[in-house]
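Please work through the exercises below with the sequence and the model side by side, trying each task before reading its solution.

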Amino acid sequence: MILKLDEVFKITSKLAKSNYYQTIYGNSKDIGIKLFKNDRDLTKLQVFFLNELSKYQSLFLDISLGEVDEIVLKDKIYEEAYLYYKRKKRAKQEDKFKNAQQSKNSFQWIFRRKK
Amino acid sequence: MTNKSKVEEKKIQEKLSELKKNIDQTFVEELLANNEKEFEYKGVAYRIRRPTFKERQEAYQKRNEKFVELLKNDKYLLEEDLKKLYKQRGVDIDELDKKISLLQKQRNDLNLKLGKALEEKKSEPELKIYRDEIEKINEQIELLSIKKTNLLEYSIERQTFIFLYTYLTYLITEKKENDTWVKAWNSFEEFQNCSEDLVNLVSFYAAAMFQQDFVEA
């Protein structure tokens with residue numbers, strides 16, 4: 001039997017969203033505050049925590065830039081949906097850019113002048 | 001599963017539920033602080049730590065041996081065979097998978113709509129329509145996933161994974177003797193035969209801290 005401890009992940013996520021950990025995370029590079037006692041061999045839980053910190057940092061930034069309202073933080077489903085939408089939107093833009101670059105390159109090749 | 005093992009499992013479940021009550025913010029902060037966790041049991045200091053590369057390799061080896069051992073035993077079935085057997089009894093697990101995939105796709109579509117609505121700063125009642133639909137889908141996915149896990153619980157693959165999980169728990173547990181950390185048990189057999197409370201406690205910490213590490217071990 002394997003014990004599932006979803007509660008641990010829920011609380012980890014809640015901690016990552018808190019002002020306290022967001023402040024530490026935001027300043028960790030600049031003033032060298034350490035989040036963990038260990039510098040390497042991170043556990044998957046620690047990696048999950050780092051991902052959550054980064055996720056909330058990005059959400060807080062979008063809110064401060066006015067790209068989305070604070071309501072996004074009201075519900076986990078809102079958060080996930082907004083981030084999923086953003087990821088897909090970015091991927092679409094990147095594909096569009098790549099395609100534009102490719103067609104630009106092939107255009108130059110077709111009409112290359114004789115030297 | 002025999003009645004005896006059902007009773008035993010129920011007993012373990014109850015004890016683990018008791019331990020689960022300890023999960024709060026302080027508990028999680030302690031888990032996050034380091035890649036090892038110290039605790040005390042009957043006056044002895046124990047710790048569990050992240051498995052080393054060598055320990056993972058040892059666990060892989062043991063897992064493979066266990067897989068072959070179960071494969072040779074007629075009482076156990078591979079997932080594929082178990083699925084066929086269930087199908088004969090009217091339970092289609094592949095169909096369950098298809099339902100889960102379809103629901104995930106529906107959820108992704110709704111996530112896109114909700115995400116766009118959030119970006120466009122639509123009103124809360126509008127957002128809530130999508131939100132509630134996603135919540136319903138999440139619940140359905142969870143129920144189907146639990147059903148599938150329960151149905152395949154006794155497959156060789158699942159039993160092998162449980163063995164790997166237990167074996168890693170044994171490998172990563174140490175106790176303090178004269179200010180030095182040493183292996184908590186001399187053998188896997190000793191671990192299996194030691195106090196049930198200690199095994200439960202160790203398994204609880206291992207699950208809380210390393211569950212995901214074990215999945216990818």
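**Exercise 1. Find the loop of chain B that holds Asn178(B), and describe the backbone and the surroundings there.**

Solution. Begin with the position: Asn178(B) sits in the loop that joins strand S3 (173–177) to strand S4 (180–183) of chain B, where helices (H or I, at least four residues) and strands (E, at least two) are DSSP runs, numbered from the N terminus. Asp179(B) belongs to the loop between S3 and S4 of chain B as well. The structure is a predicted model, in which local features need pLDDT of at least 70, side-chain atom pairs count only at pLDDT 80 or more, and totals for chains, interfaces and linings use all residues. Residues are numbered from 1 along each chain as its sequence is written, while chains are lettered from A and ligands numbered from 1 in the order in which they are written.

Next, read the backbone angles. Most residues other than glycine have a negative phi. Asn178(B), however, has a positive phi near 50 degrees, and Asp179(B), also not a glycine, has a positive phi of about 65 degrees.

Finally, count neighbours. A residue is buried if 20 or more other C-beta atoms lie within 10 Å of its own, exposed if 12 or fewer, and partly exposed in between, with C-beta atoms placed from the backbone. Asn178(B) is exposed because 5 other C-beta atoms lie within 10 Å, and Asp179(B) is exposed with 6 other C-beta atoms within 10 Å.

**Exercise 2. Is Ser17(B) buried or exposed, and how many Å separate its C-alpha atom from that of Val91(B)?**

Solution. Ser17(B) is part of helix H1 of chain B. With 10 other C-beta atoms within 10 Å, Ser17(B) is exposed. The second step is a distance: Ser17(B) and Val91(B) are 74 residues apart along the chain, and their C-alpha atoms are separated by 31 Å.

**Exercise 3. Describe how helix H3 (residues 53–72) of chain B packs against H7(B), and then treat H5(B) and H6(B) in the same manner.**

Solution. Two packed helices are described by the angle between their axes and the distance between the axes. Here axes are lines fitted to C-alpha atoms, for helices over the stretch in contact, and angles run from 0 to 180 degrees between N-to-C directions. For H3(B) and H7(B) the angle is about 145 degrees and the axes are 9 Å apart. Their crossing is right-handed; a crossing is left-handed if the near helix is turned anticlockwise from the far one by less than a right angle, and right-handed if clockwise.

The contact between these helices (C-beta atoms, placed from the backbone, within 7 Å) includes Phe67(B) and Leu70(B) of H3(B) together with Phe163(B) and Leu164(B) of H7(B). By class, its residues are 11 nonpolar, two polar and five charged, where Ala, Val, Leu, Ile, Met, Phe, Trp, Tyr, Cys and Pro count as nonpolar, Asp, Glu, Lys and Arg as charged, and the others, Gly among them, as polar.

The axes of H5(B) and H6(B) come within 9 Å and cross at roughly 160 degrees. These two helices are therefore roughly antiparallel, given that angles under 35 degrees count as roughly parallel, over 145 as roughly antiparallel, 65 to 115 as roughly perpendicular and the rest as oblique. The crossing of H5(B) and H6(B) is left-handed, and their contact has 15 nonpolar, five polar and eight charged residues.

**Exercise 4. How is chain B divided into domains, and how many residues of chain B are in contact with chain A?**

Solution. Chain B is divided into domain 1 (3–75 + 157–215) and domain 2 (79–152), with bounds that come from an automatic or database domain assignment. The centres of these domains, taken over C-alpha atoms, are separated by 32 Å.

Turning to the interface, 37 residues of chain B are in contact with 34 residues of chain A. On the chain B side, H9(B) gives the largest share, nine residues. That side is made up of 19 nonpolar, eight polar and 10 charged residues.

**Exercise 5. Which pattern does chain A follow along the sequence?**

Solution. Chain A has four helices and zero strands, giving the pattern α-α-α-α. Of its 115 residues, 17% count as buried.

Definitions and conventions:
Two residues are in contact if their C-beta atoms, placed from the backbone, lie within 7 Å.
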